[in-house]
Amino acid sequence: MNMELRESILKLIEKNSRLDLKDLAIMLDISEADVANEIADMEKEHVICGYHTLIDWEKTSKDQLTAMIEVKVTPQRGQGFDMIAERIYNFPEVKAVYLMSGGYDFMVMLEGKTMKEISLFTSSKLAPLESVVSTVTHFVLKKYKDHGTILEAKKVDKRQVVTP
Amino acid sequence: MRDFLSKQVVELEPSGIRKFFDIVSEMPDAISLGVGEPDFDTPWRVREEGIYSLEKGRTFYTSNAGLKELRREICVYLDRKYQLSYNENEIIVTVGGSEGIDITMRTVLNPGDEVIVAQPSFVSYLPCITMAGGVPVVVNLKEEDKFKLKREQLEEVVTDKTKAIFISFPNNPTGAIMTREDLEPIAEFAKEHDLLVISDEIYSELTYGTKHVSIGSFPEMKERTIVVNGFSKAFAMTGWRLGYVAGPSVIMKQMLKVHQYVIMAAPTTSQYAAIEALRYCDDEVEEMQIAYNQRRRYLVHAFEKMGLDCFEPEGAFYIFPSIKKFGMTSEEFATRLLNEQKVAIVPGSAFGECGEGYLRVSYAYSIEELKEALGRLNTFIKGLEK
């Protein structure tokens, strides 16, 4: 396993997962087969966990709201945080769960259509979980940047067309 | 009314790029591979430092040579990157590398002094020499030498009036570099003939494969070398107009007078931002270099497939393919490509007579943009071959 090669591939497809194998091979100066094998291995090992599309839903007609919920829990004997996390992340409404240092234990990202829908989920599913001590819900009002990409406007080339 | 113009200025050739620019600007939907500056934005932390310096009200002149703190950082940088050893009194911060070239010429040339210039080259070298009263003597680099300068070529043109050799590697427009082995005979030649070497190293951060070597770092070369460098290419800071000259103190002391009278001091905001760039931007510089390298490979490969001959460039962000087999001048080729496929590529002839028969293709563009332009270029070439 060539860690350096893996990293170069990952860096490129992290920004653009649609680069085709042929182009990747040329850009990295290795054979197409090598790129293909390395990617296949990383998919198998779940280093590459998926290929997603970054969408600014604001610009569509779909109603979509994101909330970030701070969750405080009491870890269960012998199971620590992982079991509780699993109870939470299995809900399809939950888009991300992180274990945190500091004032609370989990950061839970939720997506829903309305504020009501999200509060309902929190009060009926999340808060009643046995080990959950408290929740604080924050609604996202505007996304400026996501996954390293500024959502607002596409970059335009402001350079003069021909320069020495 | 009498003619108010300077004869010397009237006789200057307008830049070949300018001519081409005028045609391209008439065509708003053309896509361009003609840009000689990075497509990356200046790293945010550098821009932020510029903003901060304005907020703090640092809006006054700096000392003529530039902020001492910046000159110190430049010395540290030149030493750690290229083993060049200068102290802060041997550095002048300039308005881009361009000013550096101009004030160098004005400082070292007497009327009639000859300067050997290796071409193809950036457009300003010859006019700067002429305006300073010198006489440019062009050496035409050859593709079979990978556009490197050879000692034999210098021997052919050296006279007792020769004062300096002007080199610029990594090179705009060819993308050629000179390795330590390539530079050694040039350094020897300069010492044997007691010549000054003026080395424009503005693309020094952009080499692929081997690290850049500065001729000023060779034994006994410091006293006869002037290094021009800057922030435009390495840190994607073209619009900040900031460069510097490094040289032996006997020369720099005199050069400071020229700089002082024509410029006073380089822009203060840019100077503060540049300190940040030198101190904290190694990662950003490396990231840009990696991206350029990937695009370079992509283009070289695409040209090979298209059947466009070109040597593999190892520096800067240009590729210099030959279009000789199509039986057109590079200007004709570029003009037709622009009219028929709406792709703007600068003809090689804009960079000297020996650039005739070549194109300067810039890869300061994203892979997606390159792909689109290459597709059109390919269609154009297929059309010619029919």
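Biologist: Leaving aside neighbours within four places in sequence, which residues is B:F166 in contact with?

Modeller: This is a predicted model, in which local features need pLDDT (the predictor's confidence in each residue, from 0 to 100) of at least 70, side-chain atom pairs count only at pLDDT 80 or more, and totals for chains, interfaces and linings use all residues. Residues are numbered from 1 along each chain as its sequence is written, with chains lettered from A and ligands numbered from 1 in the order in which they are written. Contact requires C-beta atoms, placed from the backbone, within 7 Å. On that basis the partners of B:F166 are B:V115, B:I116, B:V117, B:A118, B:Y125 and B:I198.

Biologist: Which residues touch the most other members of the largest nonpolar core?

Modeller: A nonpolar core joins buried Ala, Val, Leu, Ile, Met, Phe, Trp, Tyr and Cys residues through C-beta atoms within 7 Å, where buried means 20 or more other C-beta atoms within 10 Å of the residue's own. The largest such core has 125 residues, and those touching the most other members are B:I165 and B:F166.

Biologist: Which helix gives the most to this core?

Modeller: Helices are DSSP runs (H or I, at least four residues), numbered from the N terminus. The one sought spans residues 282–306 of chain B and gives seven residues: α11.

Biologist: How many residues does each chain bring to the contact between chain B and chain A?

Modeller: On the side of chain B, α2 supplies the largest share, five residues. The totals are 20 residues from chain B and nine residues from chain A.

How values were computed
A residue is buried if 20 or more other C-beta atoms lie within 10 Å of its own, exposed if 12 or fewer, and partly exposed in between; C-beta atoms are placed from the backbone. Helices (H or I, at least four residues) and strands (E, at least two) are DSSP runs, numbered from the N terminus. Two residues are in contact if their C-beta atoms, placed from the backbone, lie within 7 Å.
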